[in-house]
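Visitor: I am new to this structure and should be grateful for a close look at a single part of it. Could you please describe one helix packing, and then what surrounds it?

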Amino acid sequence: MQIVEKAAAKINLSLDTPFSHPDGSQEWEMVMAAVDLADYVTITTIPKRTKIEVRTDTGFLPNDRRNLAFQAAHILQMRFNVMEGVKIEIEKHIPVAAGLGGGSSDAAAVLRGLNRIWKLGLSLAELAEIGLEIDADVPFCVYSQTAYVTGKGEKITPLPKMPAAWVVIAKPTISVSTPVILRQIDYERIGHVNTPALLAGAHQQDWQQVYPYMKNVLEPITSHHYPQILDLKARMLQSGACAAQMSGTGPTVFGICEKQSRAQRVLNSIKGFCKEVYIVRTLS
């Protein structure tokens, strides 16, 4: 059997970490949204064999156990004792190592797809719990809708959808190591997000009240090493974006615009400064 799953990118409208756990992992407090920049994951099951194959149309990604989509198939296959092989073909559109959750979204697509093919009957919450074993962003990507994300990433509280808007996404030509950035968090000095104020605006669907409270507490850490992140953010705001900030651990910066003409102006202001630039819609 074969199905195709859409794997949408995520952006962090807010990202905060109140504390770290004894095992060194972070407690997260985030508001995340999905945008219409997506990979397409074709999942084919193969009877009478158990091999998992992953193919991508880019040479940048591993196709073995290091690949998150591979891990998703392997976990379901082992946990539910499914004696079928899986071929996963990923058509990449989300930039790699960008802070947009591309690998996590691919893994979430495999979880959703195999849940349907193998008729496992798992809820989104159960898939999200399994997804946390793969990566902290996988649970959100299982839902792929505007949500308040807490815990280690597994607690997903859906929020009212973002209004239809245009998002300019710009990825500088640098690669950021998430573990390296997370090791540099200083919990005594970190400036936290006013999450209650942001959530109040989101629940009221008053996004003019959301934009001022958007914040990513990792942005100062990553931008200390890569100042071009702040340059991109400043250019977006100067060109009329309602809000702009880094997504995840970076280096991607996004700007939210309520009109396409404004988004085009933002894009024009940065495309000479950054090669990988996209205009996409919010998933509403």
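Guide: Helices α1 and α2 cross in a right-handed sense. The model is a predicted one, and every value given here is computed from it. Helix α1 comprises residues 68-79, and its axis comes within 7 Å of that of α2, with a crossing of roughly 30°. Because angles under 35 degrees count as roughly parallel, α1 and α2 are roughly parallel to each other.

The contact itself can be followed residue by residue. From α1, the participants are Leu 68, Ala 69, Ala 72, Ala 73 and Leu 76, and they meet Gly 103, Ser 104, Asp 106, Ala 107, Val 110, Leu 111, Leu 114 and Asn 115 of α2. Sorted by class, the residues of this contact of α1 with α2 are nine nonpolar, three polar and one charged.

Helix α2, which spans residues 102-117, also packs against α3, residues 124-131. Here the angle is about 130° and the axes are 10 Å apart, which makes α2 oblique to α3. The crossing of α2 past α3 is right-handed. On the α2 side the contact involves Leu 111, Arg 112 and Asn 115, while α3 contributes Leu 127, Ile 130 and Gly 131. This contact of α2 with α3 holds three nonpolar, two polar and one charged residues. Leu 111 and Asn 115 of α2 thus appear in the contact with α1 and again in the contact with α3.

The start of α2 also carries an annotation. An unreviewed UniProt entry places a "binding site" feature at Pro 95, Val 96, Ala 97, Ala 98, Gly 99, Leu 100, Gly 101, Gly 102, Gly 103, Ser 104 and Ser 105. From this set, the lining of the largest pocket takes in Pro 95, Val 96, Ala 97, Ala 98, Gly 99, Leu 100, Gly 101, Gly 102, Gly 103 and Ser 104. Pro 95 lies in the loop between β4 (84-91) and α2. Gly 103 and Ser 104, which belong to the annotated set, are also among the α2 residues that meet α1.

A further annotation concerns this pocket. The unreviewed UniProt entry gives Lys 10 and Asp 137 as "active site". Although these two are spread over 128 residues of sequence, they cluster in space, with a largest C-alpha distance of 8.9 Å. Lys 10 and Asp 137 are both included in the lining of the largest pocket. Lys 10 is found in strand β1, residues 2-16.

For comparison, another helix pair may be considered. Helix α9 (residues 228-238) and helix α10 (residues 260-270) pack at about 140°, their axes 9 Å apart, and that makes α9 oblique to α10. Their crossing is right-handed. Leu 232, Arg 235 and Met 236 of α9 make the contact with Val 266, Ser 269 and Ile 270 of α10. The classes in this contact of α9 with α10 are four nonpolar, one polar and one charged. The unreviewed UniProt annotation "domain: GHMP kinase C-terminal" covers residues 199-274. That span is 50% helix and 14% strand, and its end C-alpha atoms lie 32 Å apart.

Notes
Residues numbered from 1 in each chain as written. Predicted model: local features only at pLDDT ≥ 70, side-chain atom pairs only at ≥ 80, totals over all residues. Heavy atoms only, no water. Axes fitted to C-alpha atoms, helices over the stretch in contact; angles between N-to-C directions. Helix = DSSP H or I, 4+ residues; strand = E, 2+ residues; numbered from the N terminus. Parallel < 35°, antiparallel > 145°, perpendicular 65-115°, else oblique. Left-handed = near helix turned anticlockwise from the far one by under 90°. Contact = heavy atoms within 4.5 Å. Nonpolar A, V, L, I, M, F, W, Y, C, P; charged D, E, K, R; others polar. UniProt positions renumbered as here; feature names shortened; annotations may be inferred. 1 Å grid on protein atoms, 1.4 Å probe; cavity = no way out; pocket = protein on both sides within 12 Å on 5 of 7 lines; lining within 4 Å.
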